[in-house]
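Biologist: Could you take me on a close look at one part of this protein, the second largest pocket? I would like to hear what lines it and what the rest of the chain is like around that picture.

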Amino acid sequence: MRKFVAIIKTLQRTPLAKKHFIMSSESSSPFSTLKGWFTLGGTLLAVVVLLVYFLPRDTKFGYEYEQGRPWRYNSLIATFDFPIYKTQEEVETERDSALKDFQPFYTKNEQTAKHQIMAFRSDFLTGKFKDVPVNYLYHIERLLTSVYSVGIVDSEELANMARDLTPGIKVVEGTEAISHPLQSLYSTRSAYEYVVYADTFHYSRRVLARCNLNNYLEPNLSLDSVKTRSAREDVIASVSPASGMVQSGQRIIDRGEIISAEQYNILQSFENELVRRNDPSEGFWIVITGQTIFVACIIISVMIYLKLFRRDYLYSPHTLWLLVSLIALFPLVTYFLVDHKFYNVYMVPYAIIPIFVRIFMDSRTAFMAMVCSVILSSFALHANYEFIIVEMMGGMAAICALKDLTERSQLVRVAFFVFLAMAVAMMGYDLAQGIDFKHLDSSTYIYLAVNGVLLLFAYPLMYLIEKLFGFTSSVTLVELSNTNNAILRRMSKVAQGTFVHSLQVANLAAEVADKIGAKPQLVRTGALYHDIGKMLNPAFFTENQTGINPHNEISEEQSAQIIISHVTEGMKLAEKYHLPKAIRDFITTHHGRSQVKYFYIQWKNKHPEQEPDDKVFTYPGPNPFTREQAILMMCDAVEATSRSLKDFSEESIKELVNRIVDDQVRSGYFTECPITFRDIADAKRVLVESLKTIYHTRIAYPELNKKADAARHQPRRKYFFGRN
């Protein structure tokens with residue numbers, strides 16, 4: 001009984017007994033230290049502050065409407081009394097009509113007339129105008145008095161009033177304002193002509209011209225800008241901006257109604273009055289507090305999900321930052337569009353979120369990210385219920401249609417399914433609200449089509465995300481697995497045996513990964529590159545030898561170091577060819593911290609009295625820390641060892657696979673990777689079946705009997721039948 005309890009406790013302490021594991025121990029995770037948690041908290045706080053800062057806080061109307069289109073929202077009821085404002089064109093027309101008879105106010109300077117007439121008399125009496133009879137003095141004084149009594153206006157002002165069709169002016173005299181038609185007023189030029197041509201029968205124009213009358217004609221009417229401005233404002237104010245009233249509780253429009261010109265005017269009036277009544281300073285901090293709580297709840301729900309179901313993402317900084325960035329980016333775009341009324345939110349390709357999260361993470365996390373981002377985006381929209389339904393249908397279509405992005409055509413198919421799902425959801429929602437097919441808003445479906453086109457930009461954006469966040473997409477893995485790549489082509493020439501070994505391991509590893517639900521394309525690509533370090537010394541590895549073994553000429557320590565160096569040299573080549581980190585990790589972990597047992601045992605047999613230096617015979621590691629790396633370690637060891645089998649029966653293959661894999665488990669090479677006992681059992685079965693297929697017994701073709709062959713080729717006799 002005690003032994004049984006001890007065994008159970010040992011299994012409970014063994015990481016393989018757990019269902020899932022994090023990529024490394026929690027003590028070594030980035031967020032296991034106080035600094036790491038401060039970094040995580042600071043990142044989440046920055047996201048919340050950023051979203052709250054850009055969230056619209058002004059009272060917006062929130063409805064999108066267009067004259068001649070159906071009203072796509074629920075019945076709109078007035079919540080307060082408001083006037084029905086006239087359109088700007090109507091107000092301008094009425095103001096122009098009211099200002100058509102407006103007359104500006106002028107004041108008359110009586111001193112100007114007296115001064116100019118006295119100046120003329122003085123100049124005349126001092127003999128300035130020689131040979132001009134005295135009777136001309138009285139004639140000119142009388143005419144100047146007449147002109148100044150009517151009034152002289154500045155020539156430019158008079159011309160402007162004539163161009164503006166001003167009917168006249170009002171001259172302020174005491175407490176009265178006397179109206180004067182524009183035609184009755186003089187400019188300096190018209191006053192001069194009037195004086196000269198008033199009585200040409202008795203007074204000569206030549207004589208009058210010698211009097212320099214222009215010097216004595218000066219405007220005596222000046223614009224009273226204060227009274228004129230005040231009077232103009234009174235006229236403008238007399239034009240009412242409203243043509244009626246809407247009472248509180250009155251229905252403005254029902255869902256599905258076509259917006260008429262009158263209803264469009266009422267909707268605009270309601271919007272203007274709503275914005276006018278809003279006081280940004282009133283309740284500002286209450287609004288900020290509510291928005292902060294709302295955004296924080298959504299972000300915290302993401303963290304709770306990761307803590308419960310995807311803890312490995314929570315402990316991976318680049319994964320967490322990508323997830324948070326995608327969730328926060330699209331709400332920010334939505335807030336900008338809503339705040340500036342720029343285009344339509346249905347044009348924004350929100351389905352990019354589940355596409356990228358599905359490619360780099362998994363389907364459940366993609367759905368969670370889509371839900372949170374759409375909810376955060378909908379907070380700035382009035383009809384958020386419809387928006388959430390439509391966008392969620394598009395997101396789920398993207399998750400279902402995309403398993404793994406390896407070709408451009410897959411993205412086209414995803415974009416089509418996303419558009420179709422969103423269009424069907426939008427149509428169903430509209431029909432459920434009573435809008436018939438005739439009045440469906442076609443512009444919305446155009447926006448959804450543009451949304452589908454913009455989804456195609458996910459392909460080039462994927463490269464940017466790989467570089468920014470350090471991910472490796474399936475597209476990159478497919479490109480790297482092309483055997484025409486420079487490094488693989490070089491390996492096929494320099495180390496052909498290693499190249500064939502890598503291909504075999506890649507096929508085995510992909511089969512195992514597909515069986516246990518790992519990533520086949522990742523492990524296949526990693527297997528192709530895991531032994532590239534052997535290209536520098538290909539002759540020292542068995543698969544490349546042709547009868548000559550250079551290890552016979554050197555010591556076991558030197559042989560072990562050359563064998564081990566294919567890991568370090570492989571890393572140098574990987575960095576030279578800029579291979580992704582995910583592929584470089586396969587190079588360092590495919591032997592883990594295991595030993596070069598052949599030379600280790602050989603050394604011990606030669607030196608039975610001595611203890612070897614284990615570091616000389618041990619790979620630098622680390623041990624595998626992902627399921628894919630564990631699969632490669634198993635497949636690499638099994639494939640290499642299987643070449644030494646003499647009997648390829650099912651029993652011998654099964655014994656080989658069990659012995660190698662169980663030895664790796666006992667050695668603790670898988671204690672830091674998320675692989676289970678069931679995964680290992682499935683891997684063993686796949687390896688056995690695959691090796692049986694590879695090394696199956698071929699049928700021996702029978703040899704042709706030489707006598708039968710000779711008889712078949714002997715010439716036949718010819719017989720002729722007929723008369724002798």
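Modeller: Happy to; here is the pocket, followed by the cores and the chain as a whole. Please keep in mind that this is a predicted model.

The second largest pocket has a volume of about 1,300 Å³. Its lining is made up of 38 residues, and the closest to the pocket centre are Val596, Lys597, Tyr598, Ala640 and Thr641. Four helices each supply at least two lining residues: H24 (556–576), H26 (597–606), H27 (627–642) and H28 (650–666). Of these, H27 provides the largest share, with 6 residues. By chemical type, the lining of this pocket splits into 16 polar, 13 nonpolar and 9 charged residues.

Now for the nonpolar cores. The largest one holds 76 residues, and Met303, Leu306, Ile355, Phe356 and Phe360 have the most contacts inside it. Helix H13 (residues 317–340) gives the most to this core, namely 12 residues. Apart from that core lies another, of 53 residues, including Ala513, Ile516, Ala527 and Phe670. Returning to Met303, and leaving aside its neighbours within four places in sequence, this methionine is in contact with Leu40, Leu44, Leu314, Leu320 and Val324.

As for the whole, the protein chain has 30 helices and 8 strands. Of its 724 residues, 44% are buried. Among contacts with a separation of 6 or more, 77% join residues 24 or more positions apart. The accessible surface comes to about 40,700 Å², with 56% of that belonging to carbon and sulfur atoms.

Note on methods
Residues are numbered from 1 along each chain as its sequence is written. This is a predicted model: local features need pLDDT of at least 70, side-chain atom pairs count only at pLDDT 80 or more; totals for chains, interfaces and linings use all residues. Side-chain values use heavy atoms; hydrogens and water are left out. On a 1 Å grid over the protein atoms alone, a cavity is a set of points where a 1.4 Å probe fits but cannot get out, and a pocket is an open set with protein on both sides within 12 Å along at least five of seven lines; lining residues have an atom within 4 Å of a point. Grid points are joined across faces, edges and corners, and a volume is the space filled by probe spheres set on the points. Ala, Val, Leu, Ile, Met, Phe, Trp, Tyr, Cys and Pro count as nonpolar, Asp, Glu, Lys and Arg as charged, and the others, Gly among them, as polar. A nonpolar core is a set of buried Ala, Val, Leu, Ile, Met, Phe, Trp, Tyr and Cys residues joined through side-chain atoms within 4.5 Å. Buried means under 20% relative accessible area, exposed over 50%, partly exposed in between (1.4 Å probe, protein chains only). Contact means heavy atoms within 4.5 Å. Accessible areas come from the Shrake-Rupley method with a 1.4 Å probe; for residues, only the protein chains shown count as cover.
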